[in-house]
Each structure stands twice: as structure tokens, then as C-alpha cells.
Amino acid sequence: MTDATLSPPLYPPIEPYRSGMLPVDDRHTLYWEECGNPDGVPVLFLHGGPGAGLSPLHRQFFDPAHYRIVLFDQRGAGQSTPLGEYRDNTTQLLIADIETLRQKMGIDRWLVFGGSWGSTLALAYGQAHPERCSGFVLRGIFLCTPAEIDWFLNGIKWFFPEEHARFVEAIAPGERGDLLAAYAKRLFSDDPAANALAARTWSRYEGSCLHLLPHPEVAQQFASQAVGLGVGRLEAHYFLNQGFLGEDQLIREIGRIRHLPAVIIQGRYDVVCPPVSAFRLKQAWPEAAFRLVEDAGHAAFEPGIAKALVAATDQFWEQGRFG
């Protein structure tokens, strides 16, 4: 997201001091970048989606004087190639990619920062490699449960009926009983035009529901080919496979990371990832700090959300709150 009119309380823009492309198998190559202080506290940024990719604004959640900021586009997203590629794309492979990147950077442990799908991946990574995490900043919690997936496909209509209607209208009437299967049929077909149209429609639907107040320019950005192909195809792919996670896995295995410091930040009026998931996570992880932003929806760049995220990253380095 690049909309300056949102005026989030972020650190000033910065450029990476190094970046590159990292081949992780015969199919996927990942874009990565580092910025901030090369000798600072290592922090890993995990973007949402799956498939949404990075924005230059994502660098600005962290004080560049104190943090060594590592960001990357996950498989099939952003500047990683091939865009929208769902084959050889699973949560377990993303976790392995994070470890490959960590080892490449020569980092022993890092603060893990993720929102929306990034919170899902942060929890899954942390539970797989708790010894490599110094703490967590998590926003807009998504646990990738069947109830949350059903909410995205069907429940959002209670708050955004007009956007949901546009989402449904792209599907033939006889197929609307199972929107996920209907979209998958188009997203993964051999027809590039059908792929692209379905992906842009899916992604625009999500982009239209991110904020407390309307931001049509963000919906248009999500409907672009560059964003839509990654978001539409990969979200459907991960939804079809329940995030490649076991039943309620991220709650069941929270004990693996409960000893580590964490901040959970959630918008009260988040329609994409409703607050009940953040509340469930806090109940399972009582030691974690919990910030409910009363005047915000889902997007990281809602002013109240951005302010809370920056305050959380500042607090970690100011207080040395690392496990």
C-alpha cells in the first residue's frame, strides 16, 4: 500500500542498503532486502495475503537507528518469481524459506513482525523454531481456521454487502453455493484471462473491506494485475488447504512460544480478520500484551494501528524486551 493520504505515524522513508534475489528451489526465487542499522536488533517483517507482497512503507514501522530490518516477498508474491505461483507453495516451505534467509543473513535470532496472514506465518514459524525468535509483534490476527475462511467468503457480506455482491456476481448462479471451489476452478484453470479476472476480482473484494472508512484507491490497487494475481491465487490456494495447518494448530501449540514476549494489536472493526481470533490468541497466551484499537479496521496503515505498531517496536528496543 502506498497511499500517502492515510498519513500513518511511521518513521521517515528509507531505502535498503542491500537487496537481492534468493533461489529456494527450481521453481521459486525470492526477493529480499535489508535496511536500517546493519548492527541493530534483527527484525523480520512478514507481509500479508498470502501473496500481497511488500510496500516501501513496511520498512517504516521500525526505528532505522536501532533495527536491522529484513523484509522479503514470500513465494509467488511481489517481486518474487514466478508471481502468483501456487505450486511448491506451502506454509512449511515458507517456514523453510525464512530459515534459509536467516542463515544467509548470519542472524541467530530475530524479532518476528507479521500482520494478517503474516501473523499466521509468524506464529507457525515461531512454533517450528522458537529458539530463533526473540519476540513477536502481531497484528490483525488470522489463525486460518475453517470458521475464519468461511467468514471471509460469506460472512463479510453482513458489513460490506455491496462488495460481497460484486464478489459473487463473478460466479455463475449454479456455482455460488461453494464460492471457494468456484473461484479455484477459475484461478487455477489453463485460461490466463480467466485466471487474471478471477484473481483481480478476489483481490479487489479484500481491498475494499480493509479500512474503517472507504479508501477506493486501495481497492483499485488490489485490483491491479501486480497485486491481484498474487493475492487472489495464493489466498484461494491456502484456503483450500486450510493453511497447511492441523486443526487449530496455532492455538494448540502456543505453549512452544509462550515464554517469549509478544504484542497483539487488533482493530476493533476489523471485518477481514474479526477480533474474536485475536481474543482467542490472547486467552491462550495471557502473557502477551494486547492492544485493541477502537477506531480501526484491518489495514496496517490505519492511523491507530500504525501508531500501535510503531509503539510496540519502539518498546521492544527501548526496554530490551527480547526473550
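**Backbone geometry, salt bridges and enclosed spaces in a predicted model**

S116 counts as buried because its relative accessible area is 8%, which lies under the 20% limit for that class. The model described here is a predicted one. Within it, S116 is found in the loop between strand β5 (110-115) and helix α2 (117-128), and its backbone has a positive phi of about 60° although S116 is not a glycine. A positive phi in a residue other than glycine is also found at D88, where the angle is near 50°. D88 belongs to the loop between β4 and α1, and with a relative accessible area of 38% it is classed as partly exposed.

Two cis peptide bonds can be described alongside these backbone features. One of them joins G49 and P50, with an omega of about 0°, and P50 is placed in the loop between β3 (41-46) and β4. The other runs from T81 to P82, with omega near -5°, and P82 is located in the loop between β4 and α1, the loop to which D88 also belongs.

The residues S116 and G49 appear again in the lining of the largest cavity, which is formed by G49, S116, W117, F142, E148, F152, E206, E235, F239, V272 and C273. The structure holds one cavity of 30 Å³ or more, and the space in the largest cavity amounts to about 90 Å³. Helices α3 (146-154) and α8 (225-240) each contribute at least two residues to this lining. When the lining residues of the largest cavity are sorted by class, six are nonpolar, two are polar and three are charged.

An open space was examined as well, namely the second largest pocket, which has a volume of about 150 Å³. Its lining consists of F160, E162, E163, R204, S208, H211, L212, L213, P214, H215, P216 and A219, and at least two of the lining residues are supplied by each of the helices α4 (161-169) and α7. The classes represented in the lining of the second largest pocket are six nonpolar, three polar and three charged residues. Two of these lining residues, L212 and L213, also take part, together with Y269, in a nonpolar surface patch of about 320 Å². L213 is situated in the loop between α6 (192-207) and α7 (216-222), and it counts as exposed because its relative accessibility is 59%, a value that falls in the class over 50%.

Charged side chains were then considered in pairs, and a search of the whole structure finds 16 salt bridges. One of the salt bridges is formed by the side chains of R75 and D97, with a distance of 2.6 Å from N to O. This pair links distant parts of the chain, since R75 lies in the loop between β4 (67-72) and α1 (91-105) whereas D97 lies in helix α1, 22 residues apart. Both partners, R75 and D97, are buried.

Another salt bridge connects E99 with R102, whose closest N and O atoms are 2.8 Å apart. In this case both residues belong to helix α1, where a spacing of three residues corresponds to about one turn of the helix. E99 is classed as buried because its relative accessibility is 9%, and R102 is likewise buried, with a relative accessible area of 6%.

A further salt bridge brings together the side chains of E294 and R268, at 2.9 Å from N to O. E294 lies in the loop between β8 (289-293) and α11 (303-319), and R268 lies in the loop between β7 (262-267) and α10, so the pair ties together parts that are 26 residues apart in sequence. E294 counts as partly exposed because its relative accessibility is 44%, and R268 is also partly exposed, with a relative accessible area of 35%. Beyond such pairs, E15, E33 and R59 are joined into one network by salt bridges that share partners.

The last residue considered is R280, which lies in helix α10 (residues 275-284) and counts as partly exposed because its relative accessibility is 31%. R280 and I141 are separated by 139 residues in sequence, while their C-alpha atoms are 9.5 Å apart in space.

Note on methods: Residues are numbered from 1 along each chain as its sequence is written. This is a predicted model: local features need pLDDT of at least 70, side-chain atom pairs count only at pLDDT 80 or more; totals for chains, interfaces and linings use all residues. Side-chain values use heavy atoms; hydrogens and water are left out. Patches are made of residues with over 30% relative accessible area and no salt bridge: like charges are joined within 9 Å, nonpolar side chains (Val, Leu, Ile, Met, Phe, Trp, Tyr) within 5 Å. Accessible areas come from the Shrake-Rupley method with a 1.4 Å probe; for residues, only the protein chains shown count as cover. A salt bridge is a side-chain nitrogen of Lys or Arg within 4 Å of a carboxyl oxygen of Asp or Glu. Helices (H or I, at least four residues) and strands (E, at least two) are DSSP runs, numbered from the N terminus. Buried means under 20% relative accessible area, exposed over 50%, partly exposed in between (1.4 Å probe, protein chains only). On a 1 Å grid over the protein atoms alone, a cavity is a set of points where a 1.4 Å probe fits but cannot get out, and a pocket is an open set with protein on both sides within 12 Å along at least five of seven lines; lining residues have an atom within 4 Å of a point. Grid points are joined across faces, edges and corners, and a volume is the space filled by probe spheres set on the points. Ala, Val, Leu, Ile, Met, Phe, Trp, Tyr, Cys and Pro count as nonpolar, Asp, Glu, Lys and Arg as charged, and the others, Gly among them, as polar.
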